[in-house]
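Morning, everyone. I'll walk through one structure and keep it brief. Please have a look at it first.

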Amino acid sequence: MLDKDRIQGSDFERYDKSELWSIHELYFKNIGLKAWSSGALPFAGVTSYSETQKKVLLLVENLKQLGYENHNKPIKVLEIGAGSGEFAKNFIYALENFCHSLDLNFHERLEYYVTDYAETTIDEVRKHKKLKKFPNIKYFQFDVLMDTESSSLRDFFGEFQCICSTYLLDQLPNRVIAKSGNKYYEKYIKLCIEEDFRNNEEIRKKVLKSNKWIKKIKKKFDFRELDLEDSIPKLDFDALEKCFRVNKDESTVIYSYGALEAVKNSMKLLSEDGLLIFSDFNAASRPGVDVYEPCYYGNSLAQPVNFSFLYNYFAENQKIILFEDPIKPLHTMIMCHHSYKSQLMLGASYEKIFKQNIAVRVIFRLLVELKFSIYILLLVSVLYAAYYILSEAAKLPLY
Ligand SMILES: C[S@@+](CC[C@H](N)C(=O)[O-])C[C@H]1O[C@@H](n2cnc3c(N)ncnc32)[C@H](O)[C@@H]1O
């Protein structure tokens with residue numbers, strides 16, 4: 001397919017400006033639902049019924065707390081980067097089930113907005129049988145990084161009672177920044193891509209359909225010094241600076257500026273009494289200077305999100321909770337406007353898992369302690385056995 005002898009090497013470019021990101025975008029804008037039906041993009045975990053149920057319960061509790069039982073206003077839910085539509089399907093089913101068991105009519109008032117920046121995906125999901133049975137769904141092509149004022153949702157400022165996303169933030173551009181002593185360095189990348197990929201449209205389309213071609217591209221990395229305060233806005237820098245490890249001379253963090261932009265834009269669409277619930281992979285800081293290779297799914301990149309950075313950025317002016325799943329490598333960020341009238345809560349299902357989380361941690365600590373105790377016990381047993389054998393041997397008559 002591709003002529004491997006005709007490889008074009010690029011110069012080193014800043015990671016987020018490299019061609020990797022245009023390949024990623026090209027992939028999503030062309031592949032449609034095949035990305036999920038082929039198994040290239042995993043989705044079962046985070047869009048499953050049980051995972052979706054937690055978000056629905058959180059929303060229902062929130063709406064009850066805000067008195068939505070006492071009027072008949074519509075309830076608008078926006079999903080960004082909806083992809084396969086699996087989350088939407090499970091969300092609507094879960095809402096119906098909760099409402100039936102709690103004798104509420106929220107499901108009848110629901111307007112669910114399925115959105116994605118890939119038009120092909122939106123067209124295909126609209127026609128797909130899994131969502132056809134729900135008359136209360138509206139479909140929009142919506143790019144969360146676009147200026148909201150000129151986006152397809154420009155007429156929906158402050159309209160949504162709930163805005164959700166799963167595995168969207170990790171798809172957005174970011175930079176990899178390392179701190180060594182008092183200096184900052186940034187990841188640069190050089191790609192070696194076959195010439196035909198750039199010059200031949202047919203080949204490009206074909207290649208993008210082959211799974212994980214992007215991963216196989218030869219890559220070289222470099223770290224270049226940067227003046228962090230100069231090249232990163234002050235507010236972002238203040239939030240990011242707190243993410244480096246204090247007890248290490250060198251550490252690396254992800255500057256999730258795309259995720260930050262997405263959250264800022266989403267907040268414009270959120271109503272005063274609405275909840276933003278975003279779930280994604282978390283990227284904790286790493287010791288040393290680390291290239292922080294992303295994960296590759298299909299021909300897209302997924303770079304875990306620096307949730308601590310987002311938390312630091314918003315915590316002063318917004319109400320925000322960061323929930324860490326005890327089992328899956330998944331964080332959920334729950335956020336609302338500062339003017340939100342009630343106390344922001346985790347909600348019963350997240351609360352329950354949070355408590356289980358404490359139990360899991362205690363059990364883990366116990367196991368660690370036990371492991372040490374077992375080693376000590378083993379050592380004592382071996383010493384005792386040796387002593388016993390030797391002392392018994394000493395008692396034997398000498399012939
Ligand atoms: C990894 S998929 C996740 C899909 C789905 N939420 C799930 O959990 O299975 C990421 C989705 O985000 C969409 N996406 C990527 N960048 C976007 C952007 N800037 N605005 C809106 N959607 C975007 C992609 O088209 C894709 O459908």
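**A buried strand and its neighbours**

The protein has 399 residues, and 37% of them count as buried. Keep in mind that this is a predicted model.

Overall layout next. The protein holds 15 helices and 16 strands. Along the principal axes, its C-alpha trace spans about 100 × 65 × 45 Å. Now the contacts with a separation of 6 or more. Of these, 80% join residues 24 or more positions apart.

Let me zoom in on strand β3, residues 75–79. How many of the residues of β3 are buried? The count is 5 of the 5, so the strand is largely enclosed by the rest of the structure. For this, a residue needs 20 or more other C-beta atoms within 10 Å of its own C-beta to be buried.

Which way do the residues of β3 point? I75, V77 and E79 go one way. K76 and L78 go the other way. Both sets are buried. That fits the general picture: in a regular strand, side chains alternate between the two faces of the sheet.

Now the partners of β3. One is strand β4, residues 110–116, paired in the parallel sense over 5 bridges. Another is strand β6, residues 160–166, also parallel, over 3 bridges. V77 is a handy marker here. Its bridge partner in β4 is Y112. In β6, the bridge partner of V77 is C162.

What about the connection from β3 to β4? Helix α5, residues 86–102, makes a right-handed β-α-β unit with these two strands. α5 has 17 residues. From first C-alpha to last, α5 reaches 24 Å, close to the 24 Å expected at 1.5 Å a residue.

Which residues of α5 are buried? They are E86, F87, A88, K89, F91, I92, A94 and L95. Just after the helix comes D103, with a positive phi of about 55°.

Last, the ligand. There are 22 residues around it. Which come nearest? F43, G81, G83, Y117 and T166 do. T166 belongs to the 160–166 range of β6, the strand we just met as a parallel partner of β3. By class, the shell around the ligand has 13 nonpolar, 7 polar and 2 charged residues.

To recap: β3 is largely enclosed. It pairs in the parallel sense with β4 and with β6. α5 completes the right-handed unit with β3 and β4. That's it from me.

Terms used. Residues are numbered from 1 along each chain as its sequence is written. This is a predicted model: local features need pLDDT of at least 70, side-chain atom pairs count only at pLDDT 80 or more; totals for chains, interfaces and linings use all residues. A residue is near a molecule or strand if its C-beta atom, placed from the backbone, lies within 6 Å of it. Ala, Val, Leu, Ile, Met, Phe, Trp, Tyr, Cys and Pro count as nonpolar, Asp, Glu, Lys and Arg as charged, and the others, Gly among them, as polar. Helices (H or I, at least four residues) and strands (E, at least two) are DSSP runs, numbered from the N terminus. A residue is buried if 20 or more other C-beta atoms lie within 10 Å of its own, exposed if 12 or fewer, and partly exposed in between; C-beta atoms are placed from the backbone. Two residues are in contact if their C-beta atoms, placed from the backbone, lie within 7 Å. Two strands pair if DSSP finds at least two bridges between them. A crossover is right-handed if, with the strands pointing away from the viewer, the path from the first strand over the helix to the second runs clockwise. The expected span of a helix is 1.5 Å times one less than its number of residues.
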